[in-house]
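Visitor: I am new to this structure and should like to understand the terms used for it. May I ask how each description is justified?

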Amino acid sequence: MIKNGHHTSSESGAEPGSTVGACSPEKRKRVVRVWCDGCYDMVHYGHSNQLRQAKAMGDYLVVGVHTDDDITLTVDGKDTYDEVKRMGRYRECKRTQGVSTTDLVGRMLLMTKAHHSNIDNSDYQQHTDNFGKGPKGHSPWTGVSQFLQTSQKIIQFASGKEPQPGDTIIYVAGAFDLFHIGHVDFLETVYKQAERPYVIVGLHFDQEVNRYKGKNYPIMNVHERTLSVLACRYVSEVVIGAPYAVGKDLLDHFKVDLVCHGKTEVFPDKDGADPYAEPKRRGIFRTLDSGNGLTTDDIVQRIIENRLQFEARNQKKEAKEMAVFEAMKRREEGGKSEDCAQAAAL
Ligand SMILES: Nc1ccn([C@@H]2O[C@H](COP(=O)(O)OP(=O)(O)OP(=O)(O)O)[C@@H](O)[C@H]2O)c(=O)n1
């Protein structure tokens, strides 16, 4: 699912451990295999960003997925990467500030809308004003956070490719909220519709999604959804804030050859009209079966049903993180230079 913005030789199809190209032995480059591991619960663009960085460090990335949520540090601050560090085989990825599974789950449970990007919304203003001001006495890792979109982040995630002559321009639109495996399967199906596909995803603004989905949807705001979708290898381009109706101007502007939607419900426009009326009239609309029944609603329901378990898990995790944080502070105060920044990569 993850696309590496800075393409590596892994894209040459080389097997791990093999050499690349038929050149002299001195020129042969050993394929660098990178290992990273984590819990990756409810994969979000923070995870995508970590995997993107890890992949850029070598040619072939292997990801280990933990069975439990626990953190990779003991209470005295000694980490489980001790051995690889001593061997000089340890590198760190930069943590994406402002996104965590904990925060996303909090939005689902508390039914808040403060994350919706709307400048006229005082809740959102307060949300951004609080940037970096973690609640006192809480772990800096497990806690509510704010994400600030930057052009640099978009560049890191984007393919940077323009459509080429002969490409089939395929347009899909939606919320793509809590970007999940159903979305990935759908986009893969879309991608397979052409020999040389150029897939453009139109993301609806938060207010638009809230109009047709209700409650406090979307759980991820448009900035967050942009990165989630851009991280998907099947996506070439994202329209940030696409019009709900797929109209003439949009189709002509992007020279769209095909418009697709999955088997999920198509909500009517404000005036009751079919948002796909124009592509249907042109005969370029296709309904696709992703073969996956998962929806954003299912994920939210799962979280709500497991609320008590989640809260207990979080309290335990945060207590452990606080102990580590205090140990790190004590060590820093003691003038020791040992690197404990690994905790920040949790
Ligand atoms: N299991 C799924 C989930 C989504 N989609 C498709 O993915 C696109 C984007 O869906 P989205 O607008 O995010 O919302 P929903 O259709 O409501 O799906 P979800 O609730 O999962 O977000 C749509 O064409 C939808 O039909 C799909 O084919 N299979």
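Visitor: What makes the shell around the ligand nonpolar, polar or charged by class?

Guide: In this predicted model, the shell has four nonpolar, 12 polar and two charged residues. Ala, Val, Leu, Ile, Met, Phe, Trp, Tyr, Cys and Pro count as nonpolar, Asp, Glu, Lys and Arg as charged, and the others, Gly among them, as polar. Residues are numbered from 1 along each chain as its sequence is written. Local features need pLDDT of at least 70, side-chain atom pairs need pLDDT 80 or more, totals for chains, interfaces and linings use all residues, and side-chain values use heavy atoms, without hydrogens and water.

Visitor: Which residues come nearest to the ligand?

Guide: Lys213, Thr264, Asn292, Leu294 and Thr296 come nearest, of the 18 residues around the ligand. A residue belongs there if one of its heavy atoms lies within 4 Å of the ligand.

Visitor: Why is the pair formed by His180 and the ligand called a polar contact?

Guide: An N or O atom in the side chain of His180 is 2.8 Å from an oxygen atom of the ligand. A polar contact is a pair of N or O atoms within 3.5 Å, so this pair qualifies. A polar side-chain atom of His261 lies 3.3 Å from a ligand oxygen atom, and a backbone N or O atom of Asn292 lies 2.7 Å from a ligand nitrogen atom.

Visitor: Which helix gives the most to the shell around the ligand?

Guide: Helix α6, residues 181-191, gives three residues. A helix is a DSSP run (H or I, at least four residues), numbered from the N terminus.

Notes. A polar contact is a pair of N or O atoms within 3.5 Å; within protein, one must be able to donate a hydrogen and the other to accept it, and residues adjacent in sequence count only if both atoms are side-chain atoms. Helices (H or I, at least four residues) and strands (E, at least two) are DSSP runs, numbered from the N terminus.
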